[in-house]
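Colleague: I'm new to this one. Could you pick out one part and walk me through it slowly?

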Amino acid sequence: MDPQELKVALGAGLLSFPVTAFDKQGEFNEKPYLDHVGWLSGFDATVLFAAGGTGEFFSLAPEEVATVVKAAKSAAGSVPIVSGCGYGTKIAIQIAQSAEKAGADGILLLPHYLMDASQAGLYAHIKAVCDSISIGVMVYNRDNSILTAETLQKLCDACPNLVGFKDGSGDIGLVRKITATIGERLTYLGGMPTAELFADAYLGAGVTTYSSAVFNFVPALAQDFYKALRAGDRATTDRILVDFFYPFMDIRNRQKGYAVSAVKAGVRLLGFDAGPVRAPLTDLTEEEIGLLENLIGPYKS
């Protein structure tokens with residue numbers, strides 16, 4: 001997919017990150033992954049992100065990323081697939097190039113590994129990755145990788161295939177400065193954990209879409225929320241927040257890492273054999289799975 005076509009697709013509707021299925025030995029389990037991605041592609045997500053954060057990119061070996069991307073492409077039909085990418089510059093380039101060869105329509109460049117970096121260092125890292133591939137690139141402001149509006153503008157000027165900016169920092173002031181400064185040059189994505197909890201604030205800052213983790217197991221509900229948000233139907237978004245998202249947040253907040261583990265548990269409860277999370281994450285307890293099952297019961301598609 002041409003980078004500009006991907007940019008349009010990213011801004012056309014709701015986005016999501018399928019979980020990565022593992023077997024009992026913790027290895028990639030292709031069959032249930034194909035089944036799940038195929039099922040998700042029947043809903044209205046305009047782009048799916050393979051081997052992303054919710055897909056446990058951080059727990060995959062670099063060579064596994066292309067395997068997951070290839071499987072996602074084979075199951076997603078006409079839905080574009082964006083690959084997770086990250087770590088240091090050399091490894092990120094290798095992942096980006098292998099994802100492109102596997103058929104990815106773009107990459108999401110997750111924060112680099114561990115160390116803080118200057119704006120000049122972030123610029124050099126991102127430009128090198130963009131220059132190494134021809135497909136579209138999205139950058140992700142989060143944790144130790146926070147671009148200023150000025151650095152992001154320089155990257156936009158230097159990298160034609162940079163088409164998206166995702167924010168998981170929660171710094172609405174910086175996000176608004178970026179959207180005001182750079183305008184329509186990029187598509188803007190909300191990337192806070194359980195993004196629906198922050199969607200109103202991000203919409204006001206010029207971020208029109210986001211990646212929904214719960215789309216993995218309650219896609220119809222995720223779509224209802226997104227459509228109500230874009231229509232300005234505050235009564236509906238408030239009702240869904242109170243009935244579903246705040247109780248889900250309570251489960252998610254019981255342990256660190258449950259933003260992924262709770263989503264994977266939800267997928268298993270729908271009958272997809274997604275398997276366990278990989279260490280260092282831990283799975284929900286039986287009690288917590290029961291709470292989640294009660295919560296999602298009315299919303300199963």
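**The pocket, then α5**

Modeller: Let's start with the largest pocket, which holds about 800 Å³ of space (an open set of 1 Å grid points where a 1.4 Å probe fits, with protein on both sides within 12 Å along at least five of seven lines; the volume is what probe spheres on those points fill). It is lined by 29 residues (an atom within 4 Å of a point), and Gly53, Thr54, Phe58, Leu110 and Arg142 are the closest to its centre. By class, the lining has 17 nonpolar, nine polar and three charged residues, with Gly counted as polar and Tyr as nonpolar.

Keep in mind that this is a predicted model, where local features need pLDDT of at least 70, side-chain atom pairs need 80 or more, and totals for linings use all residues. Numbering starts from 1 along each chain, and side-chain values use heavy atoms, without hydrogens or water.

Now helix α5 (a DSSP run of H or I, at least four residues), residues 119–131. Its axis comes within 10 Å of that of α6, residues 149–158, crossing at roughly 30° (lines fitted to C-alpha atoms, angles from 0 to 180 degrees), so α5 and α6 are roughly parallel (under 35 degrees). In α5, Gln119, Tyr123, Ile126 and Lys127 meet Thr151, Lys154, Leu155 and Ala158 in α6 (heavy atoms within 4.5 Å). That contact divides into four nonpolar, two polar and two charged residues.

α5 also has α4, residues 89–101, as a partner: their axes come within 9 Å and cross at roughly 25°, so this pair is roughly parallel too. Here His125, Ala128 and Val129 of α5 meet Thr89, Ala92, Ile93 and Ala96 of α4, giving five nonpolar, two polar and no charged residues.

Conventions:
Helices (H or I, at least four residues) and strands (E, at least two) are DSSP runs, numbered from the N terminus. Angles under 35 degrees count as roughly parallel, over 145 as roughly antiparallel, 65 to 115 as roughly perpendicular and the rest as oblique.
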